[in-house]
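Hi,

Here's the structure I said I'd pass along. Have a look through it first, and then read my notes below.

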Amino acid sequence: MNIEWRNILLSPTATIREALEIIDKEALQIALVVSDGNLLGSVTDGDIRRGLLKNITLNDSIDNVMNKSPLTADYSFSKQTLISLLESKKISSIPILKNGKLIGLETLHNLLSKPKLDNPIFIMAGGFGTRLRPLTDNCPKPLLKVGNKPILEVILKRFIDAGFYDFYISTHYLPHMIHEYFGDGSKWNVNIKYVHEDKPLGTGGALGLLPREITQKPLIMINGDVLTNLDINALLDYHNKENALATMCVREYDYQIPYGVIEKDGNRIVAMTEKPKYTFHVNAGIYVVSPKLFNSVDKDTKVDMPSLLEVKMKCNEKIVMYPLTEYWLDIGQMTEYKQAQKDIISLGL
């Protein structure tokens with residue numbers, strides 16, 4: 001998302017002259033009229049020119065020329081969906097909303113400018129998918145289709161769209177099927193290498209199988225059954241700024257107790273709350289790990305990532321969390337798998 005979007009904001013009391021000055025000064029060719037975070041309208045030089053032809057002066061209110069119903073996009077839209085929308089409407093930029101509030105502006109130029117990032121991507125695709133049987137009896141879970149593509153391909157494409165090209169895939173169950181489908185990655189113009197677990201080592205243990213010549217930059221790990229439109233570049237930027245040993249993506253999870261809960265002092269009830277709801281942060285199955293961490297895991301060590309990070313925390317290493325506010329779904333059971341079939345269309349993933 002363009003970092004200069006706040007420079008093009010106007011108040012509803014602004015004049016056409018002020019809007020013209022912003023459009024002329026900034027490179028985005030648009031100004032946005034905003035009040036309390038709500039988008040009231042947009043203004044382009046074309047809107048101003050049409051207003052002047054109607055004898056509206058530069059000192060008149062922006063309300064006289066602004067588009068009061070501009071095209072907008074939700075923050076959950078994927079990159080490809082935004083590109084398709086902008087190209088179909090023949091426009092160069094679109095305001096981004098979250099819960100009805102303006103949070104940014106995306107441009108076609110920015111969307112089509114693909115960075116090339118050397119950070120390795122490690123996708124965990126070795127699970128048995130036991131809870132999705134019989135679908136996984138003869139097919140590894142990452143190859144189950146969501147929409148018209150395997151889950152693993154949807155994940156791969158998200159990273160490719162973000163500019164990543166160096167991929168490692170961990171396999172165990174029916175690995176030949178994954179190898180045959182993805183090959184060396186040349187179909188997508190990326191590099192794919194495989195690490196095979198002869199026996200399940202856990203997400204942390206799989207790090208010990210990575211080749212020692214791997215690029216020594218922060219590595220992004222993701223479970224091979226996670227559907228998300230996470231802003232991957234923002235996650236990596238956050239990890240780098242925090243200078244952490246590892247960053248764990250977390251989701252808020254609400255749990256409501258279906259009964260009245262009492263507080264007591266001995267046998268005396270001192271308070272009572274009816275069906276209280278508690279909010280927790282849960283592991284989202286996505287991590288950024290520094291070379292220091294992934295180089296420290298010995299080969300054939302069986303350990304899950306949470307356990308590995310707990311050991312490091314006890315050594316006072318810096319482990320931080322990244323709250324994931326975008327769409328996220330762990331396709332672990334049949335209910336989630338069916339939900340994914342619905343969500344994949346609306347998300348444009």
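**What I found**

Let's start with one residue: Met-272 sits in strand E16, which covers residues 268-274. Keep in mind that this is a predicted model. Is Met-272 buried or exposed? Its relative accessible area is 60%, and the cut-off for exposed is over 50%, so Met-272 counts as exposed. Leaving aside residues up to four places away in sequence, Met-272 touches Val-261 and Ile-262. If you want a feel for distances, try Met-272 and Ile-331: they are 59 residues apart along the chain, and their C-alpha atoms are separated by 37 Å.

Now zoom out. The protein has 349 residues, and 46% of them are buried. Its secondary structure comes to 11 helices and 19 strands, and the C-alpha trace spans about 75 × 70 × 45 Å along its principal axes. Of the contacts with a separation of 6 or more, 68% are between residues 24 or more positions apart. The exposed surface is about 18,500 Å², with carbon and sulfur atoms supplying 50% of it. As for charges, there are 40 positive and 41 negative ones, and their mean positions are 2 Å apart.

Next, find helix H5, residues 151-161. Because 10 of its 11 residues are buried, H5 is largely enclosed by the rest of the structure. Among those buried residues are Glu-153, Arg-158 and Asp-161, along with Leu-152 and Phe-159. After H5 comes Gly-163, which has a positive phi, near 105°.

Then there are the aromatic rings. How many aromatic pairs does a search of the whole structure find? Seven. One of them is Phe-159 with Phe-164, an edge-to-face pair with 5.9 Å from centre to centre and 70° between the planes. Both of these residues are buried. Another pair is Tyr-238 with Tyr-322: the ring centres are 5.0 Å apart and the planes are at 65°, so this one is edge-to-face. It links distant parts of the chain, with Tyr-238 in helix H8 (residues 232-242) and Tyr-322 in strand E18 (residues 319-323), 84 residues apart. Tyr-238 is partly exposed, at 25% relative accessible area, while Tyr-322 counts as buried at 12%. Going back to the Phe residues, Phe-159, Phe-164 and Phe-167 form one aromatic cluster.

Finally, look for two lysines over rings. Lys-98 lies over the face of Tyr-75, 5.0 Å from the ring centre, and Lys-187 lies over the face of Tyr-181, at 5.2 Å.

Cheers

Conventions: Residues are numbered from 1 along each chain as its sequence is written. This is a predicted model: local features need pLDDT of at least 70, side-chain atom pairs count only at pLDDT 80 or more; totals for chains, interfaces and linings use all residues. Side-chain values use heavy atoms; hydrogens and water are left out. Helices (H or I, at least four residues) and strands (E, at least two) are DSSP runs, numbered from the N terminus. Buried means under 20% relative accessible area, exposed over 50%, partly exposed in between (1.4 Å probe, protein chains only). Contact means heavy atoms within 4.5 Å. Accessible areas come from the Shrake-Rupley method with a 1.4 Å probe; for residues, only the protein chains shown count as cover. Lys and Arg count as positive and Asp and Glu as negative; His and the chain ends are not counted. The place of a charge is taken as NZ of Lys, CZ of Arg, CG of Asp or CD of Glu. Rings of Phe, Tyr and Trp (its six-membered ring) pair if their centres lie within 6.5 Å; planes under 30 degrees apart count as stacked, over 60 as edge-to-face and the rest as tilted. A charge sits over a ring if NZ of Lys or CZ of Arg is within 6 Å of the ring centre and within 35 degrees of the ring normal.
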